[in-house]
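Here is a friendly walk through how the strands and helices of this chain are put together. Keep the 3D view open as you read.

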Amino acid sequence: MPFEELKAKLSVVWSSAPWENVAPQLAPVHQHLARVLGPRPGLRWLDVATGTGALALVAARGGADVTGVDLAPGLIETARRLAAEEGLEVRFELGDAEALPVADASFAAVSSAMGLIFAPVHEAVAGELARVCEPGGRIAFSAWREDAGFFSLCRRYSPPLLEGQGDSVQWGSEAYAEKLLGGDFELEFEEGDSPVRSESGEALWELMRTSSGPFKARTAGMEPDVLARFHDEFVELAESRRAGDGIEIPAPYLVIAGTRR
């Protein structure tokens, strides 16, 4: 498969930091996807690119029979620990969103909260969603709208995509999702917003620098002058959204939901 070297690197990078400290920022997304799919006892639910399992745990609390899959072993280990601390039975497995380690038509609900959109081969991801979702089953996943939150700034300080690598922001377009998934799913779309909140721009910078594996790796590899410029622009952007005792940066997103034909 293409991009194996990239994915191997990403599995290490994502495992290098405690993403569970950042995951609560996505709570509105987790709750939105749960509302769309409706966890209930016995519902066979697959959470793709589960991270540290925040959405998988929401589904499990609702009684669903949940499996979470992620590329990063460190995140899977944390997800297992968090589930055990709550006494929830969730299967967490290593796996690639482009080649999920599950049988055909084995789930009635398939989700992903800002996860599968970062897999490099979008067509492969779309094919896997169709393969693992049973006829009449439901999918629901989220994608950032273009320029949501501080992502436009971060993209300016990120390396270019590899040749042939899909851009995560493409999934934030209804037309793009329809193109890749419309043949296998009857789709519908919902809007949402998951504002980035913190006490200050500096606190948000420190959270991302220490708890997001990709952000940590990116800043660690910068030249001092570039790092200083990125830091200053990041903090300035955050503080421009100050509201009282904290900051709140709008982060609009799209939920792509569908029923398997």
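Let us begin with the strands, keeping in mind that this is a predicted model. Strand β4, residues 107-112, runs parallel to strand β5, residues 133-144, and five bridges join the two. To find this pairing in your viewer, look at Ser111, whose bridge partner in β5 is Ala140. Between these strands comes helix α5 (residues 122-132), and β4, α5 and β5 form a β-α-β unit that is right-handed.

Which strand pairs with β5 in the antiparallel sense? That is β10, residues 252-260, and seven bridges link it to β5. Ala140 is a handy landmark here too, with Ala257 as its bridge partner in β10.

There is also an open sheet of three strands, in the order β7-β9-β8, with antiparallel pairing. Its edge strands are β7 (196-198) and β8 (242-243), each of which pairs on one side only. Three bridges connect β7 with β9, residues 246-249, in the antiparallel sense, and Ser198 has Ile247 as its bridge partner in β9.

The strand pairs with a bridge count and an example can be set side by side:

| Strand pair | Sense | Bridges | Example partners |
|---|---|---|---|
| β4 and β5 | parallel | five bridges | Ser111 and Ala140 |
| β5 and β10 | antiparallel | seven bridges | Ala140 and Ala257 |
| β7 and β9 | antiparallel | three bridges | Ser198 and Ile247 |

Now for the helices. Two packed helices are described by the angle between their axes and the distance between the axes. Helix α1 (residues 4-15) packs against helix α4 (residues 73-86) at about 45 degrees, and their axes lie 6 Å apart. Why are α1 and α4 called oblique to each other? Angles from 35 up to 65 degrees fall outside both the roughly parallel and the roughly perpendicular ranges, so α1 and α4 count as oblique. On the α1 side, Ser11, Trp14 and Ser15 meet Pro73, Gly74 and Leu75 of α4. The residues of this contact are three nonpolar and three polar, with no charged ones.

Helix α5, already met in the β-α-β unit, also packs against helix α7 (residues 174-181), at an angle of about 60 degrees and with the axes 9 Å apart. α5 and α7 are therefore oblique to each other, and α5 passes α7 in a right-handed crossing. His122, Glu123, Ala126 and Leu129 of α5 make the contact with Tyr176, Leu180 and Leu181 of α7. By type, the residues of the contact between α5 and α7 are five nonpolar, one polar and one charged.

Technical notes
Residues numbered from 1 in each chain as written. Predicted model: local features only at pLDDT ≥ 70, side-chain atom pairs only at ≥ 80, totals over all residues. Heavy atoms only, no water. Pairing = 2+ DSSP bridges. Helix = DSSP H or I, 4+ residues; strand = E, 2+ residues; numbered from the N terminus. Right-handed = clockwise from strand over helix to strand, strands pointing away. Axes fitted to C-alpha atoms, helices over the stretch in contact; angles between N-to-C directions. Parallel < 35°, antiparallel > 145°, perpendicular 65-115°, else oblique. Contact = heavy atoms within 4.5 Å. Nonpolar A, V, L, I, M, F, W, Y, C, P; charged D, E, K, R; others polar. Left-handed = near helix turned anticlockwise from the far one by under 90°.
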